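Student: I've got a model open and I'd like to learn how to read it. Can you walk me through it, one feature at a time?

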Amino acid sequence: MSLVWVYAVQEAGAGEAPDMSGVDGERPRVVGTEELAAVVGTVADDGFDEAGLAAAMEDLGRIEMLVRAHHGVVAATAQDRTVAPVRLATVFRDDDAVTAMLRQRHDDIRAALDRVRGRREWGVKVYVDGTAAPPPAPDAGAASTGDRPGTAYLLRRRADRDRGAEAREDARAVAERVAGTAAACAVDVRRFAPQDARLSGRTQEMVLNATFLVDREREDEFRDTVSRSGDGAVVEVTGPWPPFSFAAAEES
Amino acid sequence: MTSGGIPMPGRGARSPEHRVESTNLADILERVLDKGIVIAGDIRVNLLDIELLTIKIRLLVASVDKAREMGIDWWEHDPSLSSGERDVHEENRRLRQRIGELEADRTAELDEAPPRKRAATKRRAPQQQESDG
């Protein structure tokens, strides 16, 4: 017994599946109707049925593997055609069920393809120094350390807080400027929470983490203007990503 | 038509080594975990499990300290964020108990400091009473 994992949907005749391994080590393939097609993979029912997927959701190592493989196939497919990425863990009994779905969801899929046609997703992150660890306030401390240690502590705390608030305000201004510049060259945007510094591998603090849907003709402009808009802050542009964040019809 | 200037493998160059520019797992998780067109498949995935996983990973990505408080420390075992062996069921049980509280906590934090929370600053502001009398 086997099941069918769906990676992405595309127009019929858009192309073959990429030559690579999928979530179960399988070779992806294409199934479809006259109008639409899905890039799918045949996966073992053991591991991809209800129980298997439920177990996978509890296993972060397995999730990482699934996420990377799913993303890899979608990204490779998206290189030379318009695709709508399908959400992780979309699994059907067999190919007939997939083609039935393509007919039933025809209008939604068309709309999703139209939304991302000729466009790709680009990530933009901004990092700044200084908001993470405000330096101690020597004057406030020195002024009153002698006989009022408690007061000194509170004064120091307040000074730190004020400086921290200022730094955050500055960081926010930089982030909004970069986001505004990027949005002007893009057709849509989604924001993510900034990533923890220990995961980004940088010492600076991330103050913007957003992703933009950009027309291919404007990608050069997007990357150039966005990269320059940091004014001292580090701006990181990643991509192109397949349009995962924009395939579903939702507003940010 | 060429791409926007980022070196991309040519069409013939697809391989299992295919990479987009960033292979940072956090970047990929943000985009892939609960994104993409939603299609109800034949295999029903427990929505609560997915939601839980998503919350867990979002917390981890946004705040390593918060994640560590909940006993999630898989990034420490492996630079690529792979999980080590651990009792995820126990972890999830504890997590379920705390989701509401943490979400409320997080909303409050976002309200007070929109661009960045205190994750990388001193995490817990001292709550000491005034000690001088």
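Tutor: Sure, let's begin with burial: a residue is buried if 20 or more other C-beta atoms lie within 10 Å of its own, exposed if 12 or fewer, and partly exposed in between, with C-beta atoms placed from the backbone. Helices (H or I, at least four residues) and strands (E, at least two) are DSSP runs, numbered from the N terminus. By those rules, 8 of the 10 residues in strand β1 (residues 2-11) of chain A are buried.

Student: What do I need to know about the model and its labels?

Tutor: This is a predicted model, where local features need pLDDT of at least 70 and side-chain atom pairs count only at pLDDT 80 or more, while totals for chains, interfaces and linings use all residues. Residues are numbered from 1 along each chain as its sequence is written, and chains are lettered from A and ligands numbered from 1 in the order in which they are written.

Student: Which strands pair with β1(A)?

Tutor: Two strands pair if DSSP finds at least two bridges between them. β1(A) runs antiparallel to strand β3 (residues 36-44) of chain A, with 9 bridges, and V4(A) faces T42(A) there. Strand β4 (residues 83-85) of chain A is also antiparallel to β1(A), through 3 bridges; A8(A) has P85(A) as its bridge partner in β4(A). Then there's strand β5 (residues 91-92) of chain A, again antiparallel to β1(A), with 2 bridges, where W5(A) is matched with V91(A).

Student: How many helices and strands does chain A have?

Tutor: Chain A has 10 helices and 9 strands.

Student: Where do the domains of chain A begin and end?

Tutor: Domain bounds come from an automatic or database domain assignment. For chain A, that assignment gives domain 1 (2-116) and domain 2 (119-247). Their C-alpha centres are 35 Å apart. Two residues are in contact if their C-beta atoms, placed from the backbone, lie within 7 Å; domain 1 of chain A puts 9 residues into the contact and domain 2 of chain A puts in 7. On the domain 1 side, α3 (60-78), β4 and α5 (106-116) of chain A each give two or more residues.

Student: What sort of residues are on that domain 1 side?

Tutor: Here's the key: Ala, Val, Leu, Ile, Met, Phe, Trp, Tyr, Cys and Pro count as nonpolar, Asp, Glu, Lys and Arg as charged, and the others, Gly among them, as polar. The side of domain 1 of chain A that touches domain 2 of chain A has 8 nonpolar residues, no polar ones and 1 charged.

Student: What about odd backbone geometry?

Tutor: Most residues other than glycine have a negative phi, and most peptide bonds are trans. A89(A), not a glycine, has a positive phi of about 70 degrees. A89(A) sits in the loop between β4 and β5 of chain A, and counts as buried because it has 22 C-beta neighbours inside 10 Å. D231(A) also has a positive phi, near 50 degrees, in the loop between α9 (219-228) and β9 of chain A. D231(A) has 10 other C-beta atoms within 10 Å, so it is exposed.

Student: Which peptide bond is cis?

Tutor: The one from G239(A) to P240(A), with omega near 0 degrees. P240(A) belongs to strand β9 (residues 234-241) of chain A.

Student: And how do I read the overall shape?

Tutor: The C-alpha trace of chain A spans about 80 × 45 × 30 Å along its principal axes.
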